[in-house]
Amino acid sequence: MRRGAGRRPLRPRHASPERSLAADLRLWARRWRWYERNSLPWNRARIHWEMMRRGAFARWPLHGNVLEMLREGRLEIGEHTLLEPGVWLTSPAPGRIEIGAGTFLNLGVMVAALELVAIGDHCMLANGCLVTDADHRFDDLGRPVTWQGFRSRGPTRLADNVWCGANVVVTSGVTVGERCVIGANSVVTRDLPPRSIAAGAPARVIGEVGAVSCSG
């Protein structure tokens with residue numbers, strides 16, 4: 001006889017002994033339907049329809065409460081904008097996300113708005129960027145960090161023609177001026193004037209677009 005054969009499977013360490021398998025399955029199903037709702041065929045078709053009506057396109061998977069925001073007018077996406085796989089757009093009501101025309105969000109970009117995140121026309125956000133107007137709270141020592149919610153220092157705005165390298169983070173309340181270029185892995189914590197070249201954590205201005213030759 002194989003060792004362990006016939007034994008009852010162990011319940012997870014944190015599972016309540018009073019909870020039945022049926023209750024576990026119902027809870028799991030509700031969670032799956034919520035967290036994976038964009039994968040449901042009818043919701044996926046509705047999102048593609050909404051994108052088509054705006055002249056934009058999203059490659060799958062697309063994460064976040066995208067359909068709800070589109071239908072409530074809280075997500076604006078301009079013509080010819082492209083969302084690559086793994087993009088995550090999230091904003092609880094009444095928060096808003098605005099993305100201009102001809103903008104490109106590459107693999108794994110996340111845009112999270114508590115109040116407002118606005119991204120202009122013809123912007124490029126490389127793989128893994130995060131643009132948000134809020135931070136997780138952590139100051140209440142009597143509550144788990146995951147229960148403390150968010151706080152915002154105001155809207156976060158990227159003007160037209162901004163280029164963010166891979167894994168750039170733009171934090172709450174920041175305005176990035178027109179035609180700024182931000183180096184990979186930078187963390188932007190304060191406003192950047194138009195045409196700035198910035199890099200670092202925190203990001204600082206190291207040059208000006210137009211003052212540097214791009215010909216090599």
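A residue is termed partly exposed when its relative accessible area lies between the limits for buried, under 20%, and exposed, over 50%. In the predicted model described here, D135 falls into this middle class, with a relative accessible area of 24%. The residue is one partner of a salt bridge, its counterpart being R153, and the closest N and O atoms of the two are 3.0 Å apart. D135 belongs to strand β11 (residues 135-136), whereas R153 is placed in the loop between β12 (150-151) and β13 (156-158), so the contact ties together parts that are 18 residues apart in sequence. Unlike D135, R153 counts as exposed, because its relative accessibility of 55% is over the 50% limit.

Side chains of opposite charge can pair when their charged atoms come close. Across the whole structure, a search finds nine salt bridges. Another of these joins D139 and R151, with an N to O distance of 3.7 Å. Here D139 is located in the loop between β11 and β12 and R151 in strand β12, so the bridge ties together parts that are twelve residues apart in sequence. Through salt bridges that share partners, R137, D139 and R151 are joined into one network. With respect to solvent, D139 is partly exposed at 41% relative accessibility, and R151 is likewise partly exposed at 38%.

A further salt bridge is formed by R96 and E98, whose closest N and O atoms are 3.1 Å apart. Both residues are partly exposed, R96 having a relative accessible area of 33% and E98 a relative accessibility of 22%. The value for E98 does not place this residue among the buried ones, because that class requires a relative accessible area under 20%.

Strand β5 (residues 96-99) pairs with β8 in the parallel sense, over four bridges. Within this pairing, I99 has I119 of β8 as its bridge partner. Strand β8 also pairs with β13, again in the parallel sense, over three bridges. In that second pairing, I119 stands opposite L158 of β13. Residue I119 is thus matched with I99 and with L158. The side chains of β8 (residues 116-119) are directed to two sides: L116 and A118 point one way, V117 and I119 point the other way, and all are buried.

Helix α2 (residues 41-53) comprises 13 residues. From its first C-alpha to its last, the helix reaches 18 Å, close to the 18 Å expected at 1.5 Å a residue. Its buried residues are N43, I47, E50 and M51. Viewed down the helix axis, these residues fall within an arc of 100°, so they line one face of α2. This buried set packs against β1 (57-58), α3 (66-71), β2 (75-77) and β3 (82-83). On the face turned away from the buried side, α2 carries the exposed residues P41 and R53. Just after the helix, G55 adopts a positive phi of about 75°.

Methods: Residues are numbered from 1 along each chain as its sequence is written. This is a predicted model: local features need pLDDT of at least 70, side-chain atom pairs count only at pLDDT 80 or more; totals for chains, interfaces and linings use all residues. Side-chain values use heavy atoms; hydrogens and water are left out. A salt bridge is a side-chain nitrogen of Lys or Arg within 4 Å of a carboxyl oxygen of Asp or Glu. Buried means under 20% relative accessible area, exposed over 50%, partly exposed in between (1.4 Å probe, protein chains only). Two strands pair if DSSP finds at least two bridges between them. The expected span of a helix is 1.5 Å times one less than its number of residues. The arc is that of the directions from the helix axis to the C-beta atoms. Contact means heavy atoms within 4.5 Å.
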